[in-house]
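Trainee: Please zoom in on one spot in the backbone of this model. Start there and then work outward to whatever else is worth a look.

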Amino acid sequence: MVHRHAVTGRRVALTALGALVATGIPAAVAAEPTPAAGPLPSAAQTLGADRPSAPVLRALERDLGLTPDQASRRLVNEAEAGTRAGRLRNALGDRFAGAWLRGTTSQELMVATTDAADVPAIKAQGAKAAVVKKTLRDLQAAKQKLDTAAARISTRETPLWYVDIPANRVVVEAGSKAAAAAFVTAAGLDGKSVSVKVTANRPRLMEDITGGDAYYIDGTARCSIGFSVTKGEQEGFASAGHCGRPGAKTTGHNQAEQGTFQASTFPGKDMSWVAVNDQWTATPNVKGEGGQNVQVTGSVQALVGAAVCRSGSMTGWHCGKVEQHDTSVSYAEGRVDGLTRTTVCAEPGDSGGPFVSGVQAQGVTSGGSGDCKTGGTTFYQPINPLLSEFGLTLKTAEAEIPAPQDNVAQTWAAGRVYEAGVMVTHAGVRYQCLQTHQAQGPWAPASTPALWQRV
């Protein structure tokens, strides 16, 4: 199934960051000592964006109207922009108001700040600056008030609310202005601080869903495999929470016995995982265009504006763009927070399927509105919170180490999910995370300046 569709110190650090670029020294390289073996890999090399699969490129060409060269350049630009955005986020601190991408090949990185004095340093990093009134923290706090209100009142007529980073505002989508106004008032927010969009679209669960490969729950409902995962020696896969409850039995696309739901959360979140029997083997593959496999190499979260593709057995392989992260959706069956909104189309039968950006896993299909003939909106449950919640390790094309089971984030460890801005130590050195991701075995901070900044 699927859901339908203090500041002085900071200023010095920021100025120094800009100076590195102004003098022709790449910040990503200058921030870390260069090992004797040679220069560190670029962000695109680390994330595999410089070697995308043919199915990803073909779908980007078709759905975003790109040439082969534009599709390739877009993926590389997005990988590099993610690292630059992370460095600027760390340098701007509380003044940071978000980052997003623009342009056919994502050639423009936009970074917002609440202080005009930050503009030169943002430009020095090759980004365009936007001076806005509200910090990202301000917007997230307002959105949290809506989340809190939604826990005690009906949101049937206000099915969607989110932070619109490019517009620097919180948005409520509702069936009427009156319904939106009542929701905003219940949250204790000023009506001027929230934008309202009146729309007839209503996200709904997609029945009989399948994504990548189909699987069946208790011989009745159908969903789709999202991504292969492991927990210790146990293999399995991640999917949507509304597909099944703990203990539910699954059979595969060939109707053979497959596994059992180990954990499932819905509503609130839309995540689950199934442990499979020894007749099934976890792989890093996602079914792409024409049935060809796309191999995921990690789970680095894409920026707003980045290209993203979805696999679904009902409608195949389709691509679009990330519109917002941390979106709350009020389905008829219950509210789900923390979803990502996209322009990728989907239809009933696509639920639970995988979203990827290049070769980076992004999430599993939850729900949306519209269809793949006229277009629509689709939401996915981000994969990193799912991995963290259930203590899972994403199966990737690189070697993995099982995820640690504790939540202490002081010493870097492969398998742990790290949020942007988190501080860790590794080999006696402190680093700050640039992009949200699950740490893979080869991605130690000292060798991945695309993901970590030495402090």
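Mentor: Pro-267 sits in the loop between β14 (257-265) and β15 (271-276). Strands here are DSSP runs of E, at least two residues long, while helices are runs of H or I with at least four, all numbered from the N terminus. The peptide bond from Phe-266 into Pro-267 is cis, with omega about -5 degrees. For context, most peptide bonds are trans, and most residues other than glycine have a negative phi.

Before we go on: this is a predicted model, so local features need pLDDT of at least 70 and side-chain atom pairs count only at pLDDT 80 or more, whereas totals for chains, interfaces and linings use all residues. Numbering runs from 1 along each chain as its sequence is written, and side-chain values use heavy atoms, with hydrogens and water left out.

On to the phi angles. Asn-168, in the loop between β5 (160-164) and β6 (169-174), has a positive phi near 55 degrees despite not being a glycine. Ala-427 also has a positive phi, about 55 degrees, in the loop between β26 and β27. Their surroundings are worth checking: Asn-168 is buried at 12% relative accessible area, while Ala-427 is exposed at 75%. The cut-offs are under 20% for buried and over 50% for exposed, with partly exposed in between (1.4 Å probe, protein chains only).

The Ala-427 hairpin has 2 residues between its strands. Strands β26 (423-426) and β27 (429-433) pair antiparallel over 4 bridges; for DSSP pairing, at least two bridges are needed. His-426 faces Val-429 of β27 across that pair.

Val-424 and Cys-433 from those strands turn up again among the contacts of Tyr-418, which also touches Thr-411, Trp-412 and Trp-452, leaving out residues up to four places away in sequence. Contact means heavy atoms within 4.5 Å. Tyr-418 is one of the residues with the most contacts inside the largest nonpolar core, which has 49 residues; Leu-60, Phe-227 and Trp-317 are also among them. Another core lies apart from it, with 39 residues including Leu-109 and Val-304. A core is a set of buried Ala, Val, Leu, Ile, Met, Phe, Trp, Tyr and Cys residues joined through side-chain atoms within 4.5 Å.

Now for charges. The whole structure holds 19 salt bridges, each a side-chain nitrogen of Lys or Arg within 4 Å of a carboxyl oxygen of Asp or Glu. Glu-173 and Arg-341 make one, with the closest N and O atoms 2.6 Å apart. Glu-173 belongs to β6 and Arg-341 to β20 (334-342), so the pair ties together parts 168 residues apart in sequence. Both ends are buried: Glu-173 at 5% and Arg-341 at 7%. Elsewhere, Arg-62, Asp-63 and Glu-289 are joined into one network by salt bridges that share partners.

Arg-95 and Asp-118 also meet in a salt bridge, at 2.8 Å from N to O. Arg-95 lies in the loop between α5 (68-92) and β2 (96-102), and Asp-118 in the loop between β3 (108-113) and α6 (119-124), so this pair ties together parts 23 residues apart. Both of these residues are buried.
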